Amino acid sequence: MSYDLDPELLPWLDMLPQVTMTDYEALVAARTQQSELANLIPVYEPAHPIDVRDETVPGPSGAPDVRVRVYGRAGRENPVPGLVYIHGGGFVLGSVEMFEAHVLKLVDQLNIVVVSIDYRLAPEHPFPAPVEDCYAALTWTAAKAGELGIDPARLGIAGESAGGGLTAGTVLLARDRGGPELAFQLLGIPELDDRLDTDSMRDYVDTPLWNRPNAIYSWTAYLGTEPGGDDVSPYAAPARATDLSGLPPAFVTTCQYDPLRDEGVEYARRLAHAGVPTELRLYPGTFHGSSLVESAEISRRMFADEVDALRRGLKVTDSR
């Protein structure tokens, strides 16, 4: 297909790595390309001194501990909002380090504490390992809020792509297990539905960075079986959840030429219908991951909207 992409994004298409995942060998090759993606992201120099440290938190029962990276402005005296952050990568790629520049920007501009999770990746660790790691990190963050300098009444959770799907799954776990109260959830271009049957998922087979073939492998690796079966857990594929009531307010973003577009739009619609305060943004002329092109006006607007949503959702009162 041809796609009417934003003109500022077009010159970058040839510089983006061609991520194609059809089997494990292709995944290994894609993992070696992560550094290419990282090189596209300019180094961020915070305006404020920021403390960064790694912690090891207790993992799910019978599983290894989970590494998290904690970010916060240096010299804080009063509790500030907290955000648990879940990186993207199709459940099979990505790392805390790869998304560090983005997290540093959020901490620098908002004066919040971020706990970024280095969850286990599929297919070596299929569902439920990744989402259980995220839930374990969330419960640790809530329990340690005082030590971390977090106001527990202003604790949120956010993620992008597969991280958006893991965010939605973690939020469902927190509700259903009586876990930590969350003030806000941000689902950035989320991967939510293993059934692969929306218009955007069926049609976008050759879009940049992410497309239907990659999505098929991603879900197969995460579920450990063919996607679309009858017994897939809603904690793996949150679009499968039949009840979305009682969840925290949500901000959902989608890109026009992204196979994940329609499942994000539909999840936002269902959240709103379930009585959850929900805001949805659909960005024209964009593709999955196009925000890597930080110089484009549409990318700057996407980030500004994310910052504004977190400011409101976490009730940030002093970001100076």
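**Reading a predicted model, starting from Y235**

Trainee: I have picked out Y235, which sits in the loop between α8 (212–223) and β7 (250–257). Is Y235 buried or partly exposed?

Mentor: Good place to begin, and keep in mind that this is a predicted model. Y235 has a relative accessibility of 24%, so it counts as partly exposed.

Trainee: Which residues does Y235 touch, beyond those up to four places away in sequence?

Mentor: The partners are F127, V131, G169, L172, L173, D176 and Y222. With D176 there is also a polar contact between the two side chains, at 2.6 Å. For a sense of distance along the chain, take A215: 20 residues separate Y235 and A215 in sequence, and their C-alpha atoms are 18 Å apart.

Trainee: How much trust should I put in these coordinates? Where is confidence lowest in the protein chain?

Mentor: The general idea comes first: where pLDDT is low, the predicted coordinates should not be read in detail. In this model the chain averages a pLDDT of 95, and 98% of the residues score at least 70. Confidence is lowest in helix α2 (residues 34–40), with a mean of 67. Strand β6 (residues 184–188) has the highest value, 99.

Trainee: Now the backbone. What should I look for in phi angles and peptide bonds?

Mentor: Most residues other than glycine have a negative phi, and most peptide bonds are trans. Exceptions are therefore worth a look.

Trainee: Which peptide bonds are cis here?

Mentor: Two to look at are found in one loop. The bond from A122 to P123 is cis, with omega near 0°, and P123 belongs to the loop between β4 (113–118) and α4 (129–143). The bond from F127 to P128 is cis as well, with omega near 10°, and P128 is also in the loop between β4 and α4. You have met F127 already, as a contact of Y235.

Trainee: And what is phi for F91 and for N111?

Mentor: F91 has a positive phi of about 70°, although it is not a glycine. F91 lies in the loop between β3 (80–86) and α3 (100–110), and at 1% relative accessibility it counts as buried. For N111, phi is near 55°, again positive in a residue other than glycine. N111 is placed in the loop between α3 and β4, and its relative accessible area of 11% makes it buried.

Trainee: Let me turn to the interior. How many residues does the largest nonpolar core have?

Mentor: In soluble globular proteins, nonpolar side chains tend to be buried together. Here the largest nonpolar core has 82 residues, and M21, V68, I117 and Y267 have the most contacts inside it. Helix α6 (residues 162–176) gives the most to this core, with 7 residues. A second, separate core of 24 residues includes L106, F184, F303 and L310. Leaving aside neighbours within four places in sequence, the contacts of M21 include L27, V92, W210 and Y217.

Trainee: Helix α6 also holds T167 and T170. What do their side chains reach?

Mentor: Polar side chains can be followed through their contacts. Both threonines are buried: T167 is at 0% relative accessibility, and T170 is at 0% too. The side chain of T167 reaches the backbone oxygen of A158 at 3.4 Å, and a polar atom of that side chain lies 2.7 Å from the backbone oxygen of G163. For T170, a polar atom of the side chain is 2.7 Å from the backbone oxygen of L166. Among residues farther along the chain than four places, T167 touches I86 and I157, and so does T170. The contacts of T170 also include C134.

Trainee: That brings me to cysteines. How many disulfides does the structure hold?

Mentor: A disulfide is a covalent bond between the sulfur atoms of two cysteines. This structure holds 0 disulfides. C134 is buried, at 0% relative accessible area, and C255 is buried, at 1%.

Trainee: Finally, which residues does the UniProt domain annotation cover?

Mentor: An unreviewed UniProt entry carries the annotation "domain: Alpha/beta hydrolase fold-3" over residues 83–289. Across that stretch the model is 36% helix and 21% strand, and the end C-alpha atoms are 21 Å apart.

Definitions and conventions:
Residues are numbered from 1 along each chain as its sequence is written. This is a predicted model: local features need pLDDT of at least 70, side-chain atom pairs count only at pLDDT 80 or more; totals for chains, interfaces and linings use all residues. Side-chain values use heavy atoms; hydrogens and water are left out. Helices (H or I, at least four residues) and strands (E, at least two) are DSSP runs, numbered from the N terminus. Buried means under 20% relative accessible area, exposed over 50%, partly exposed in between (1.4 Å probe, protein chains only). A disulfide is a pair of cysteine sulfur atoms within 2.5 Å. A nonpolar core is a set of buried Ala, Val, Leu, Ile, Met, Phe, Trp, Tyr and Cys residues joined through side-chain atoms within 4.5 Å. Contact means heavy atoms within 4.5 Å. pLDDT is the predictor's confidence in each residue, from 0 to 100. A polar contact is a pair of N or O atoms within 3.5 Å; within protein, one must be able to donate a hydrogen and the other to accept it, and residues adjacent in sequence count only if both atoms are side-chain atoms. UniProt positions are given in the numbering used here, feature names are shortened, and annotations may be inferred rather than shown by experiment.
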